[in-house]
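Subject: Structure handover and what was found in it

Dear colleague,

I am passing on the structure below, and after it you will find what was computed from the atoms or taken from a record. Please read the notes with the model open beside you.

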Amino acid sequence: MSDAAAPPASPRAIVYGYAGSPFFKKLQDLLAWYRVGHAVVQVSMIPPRPMLSQELGITYRRIPVLALDGQLYLDTSLQVEVLEKTFAGKQGHGNSLFGPDAELQKRLVANWTDREMFAIIAGLIPPAAWSKEFIDDRKSFSPALRLGERARARPELNKAQLITHLHSLEKTLRESRAEWLLATPEMSYVDIGCAFTLTWLQLSLKAVPDLLPRPSKDNGQLPNSPFPLVLRWLNEVRKELSARRSALPQFANLEGEEAARLILQQAAAGQSVRRQEAAGHIQADDPSALKRGDLTSVTPRDTGRIPQTGTLVALTPTQVTLRVEPPKHPGQSLLVHLPRSHFDVTPATQAKL
Ligand SMILES: N[C@@H](CCC(=O)N[C@@H](CS)C(=O)NCC(=O)O)C(=O)O
């Protein structure tokens, strides 16, 4: 392991997010797992975010955004894939987070914890915790979440739903008697995927202290809970990730302009956008019928349905790549990668209808 090696002058990974964002924490957990030093660009909790829209040409509104070696990756489900491909098992980095069940693990996390559990937990946020401006913004982000309203109306309904998930986790841990959810020798993506939403609930929202009490600072004796194995497992996940996090090379936070300069430099130094574009693969019989060079929109199907637009470079059954030109840097371009699962890929004009 080359942990002691001097860190490079500039980070290969730059992450955009804000401290209260659980998905930003999820990406930071993944970076800790794979032992990837990174710089952070802090963004506001409510758009506009010119460091993304103006500096990078990111029209998609969700957080986090990952820049790696001068290319941009949207959605944590794709971010984990590129981190796995780039770093897993490499000298000085973490092992693979996936065994032979990689596809099932990704589907489980995307559908169960990222979406179902996340929505239940968001529904437990006490309305008084947010400003009116924030609640109004998030109503348009996700009308289905009905942030604030639902908690005010029937908080017990969300709590009852949450209990069903905690029961499943407790039972899984009890039956396997293993340390990690899938009884793997080290933690897996499912551990990180389940733990980040519950950690948000337990340590930040503190909305159900009777179910998930906060452990004491020294982590000595865990408090009583109807879900003792879940509590212990959550603690172990956090302990392992925070040990890895504190061993990472440290990079100072970046301002948006500085980060964009670095990302554009890395894009130019690595495989140029044009060369990658030439190699971009477009599936011939793709149902979208899109062709290379078409102006394309990629829009989330669930929350924050604001499209990322750009010129189509690559399209496979699982991924789409666009070339975008940042408004602040005319004449330069960046590659932006998105997953296809939970996203619609359409001609740009059609998405505006
Ligand atoms: N499926 C997305 C979910 C990301 C997401 O919902 N992020 C929240 C923050 S935790 C967000 O962008 N909220 C609206 C905003 O910050 O503008 C992912 O895995 O990246």
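To begin with a single backbone detail, Arg35, just after helix H1, takes a positive phi of about 55°. Please keep in mind throughout that this is a predicted model.

The helix that precedes this residue, H1, covers residues 22–33, and from its first C-alpha to its last it reaches 16 Å, close to the 16 Å expected for its 12 residues. H1 is mostly covered, with 11 of its 12 residues buried; among them are Phe24, Leu27, Leu30, Leu31 and Trp33, but also Lys25, Lys26 and Asp29. The buried residues of H1 pack against three strands, namely S1 (13–17), S2 (38–42) and S3 (65–68), and against the helices H3 (76–87), H8 (189–205) and H9 (228–246).

H1 also matters for the ligand, since H1 and H3 each supply at least two residues of the shell around it. That shell holds 14 residues, of which the closest are Ser21, Phe23, Arg62, Ile63 and Thr76, and by character it divides into 5 nonpolar, 5 polar and 4 charged residues.

As for annotation, an unreviewed UniProt entry lists residues 16–90 as "domain: GST N-terminal". In the model this span is 41% helix and 20% strand, and its end C-alpha atoms lie 25 Å apart.

One residue of strand S2 may be worth a look, namely Ala39. Ala39 is partly exposed, because 19 other C-beta atoms lie within 10 Å of its own, whereas a residue counts as buried at 20 or more. Leaving aside residues up to four places away in sequence, Ala39 touches Pro11 and Ile14, and also Phe251, Ala252, Asn253 and Leu254. Ala39 and Ala247 are 208 residues apart in sequence, while their C-alpha atoms are 15 Å apart in space.

Turning to the whole protein, there are 12 helices and 9 strands. The radius of gyration is 21 Å, close to the 20 Å that the globule rule gives for 353 residues, so the protein is as compact as a globular protein of that length. Its C-alpha trace spans about 60 × 50 × 40 Å along the principal axes, and 38% of the 353 residues count as buried. Of the contacts with a separation of 6 or more, 68% are between residues 24 or more positions apart.

With best regards

Key
Residues numbered from 1 in each chain as written. Predicted model: local features only at pLDDT ≥ 70, side-chain atom pairs only at ≥ 80, totals over all residues. UniProt positions renumbered as here; feature names shortened; annotations may be inferred. Helix = DSSP H or I, 4+ residues; strand = E, 2+ residues; numbered from the N terminus. Expected span 1.5 Å × (residues − 1). Contact = placed C-beta atoms within 7 Å. Near = placed C-beta within 6 Å. Nonpolar A, V, L, I, M, F, W, Y, C, P; charged D, E, K, R; others polar. Rg over C-alpha atoms; globule rule 2.2 N^0.38 Å.
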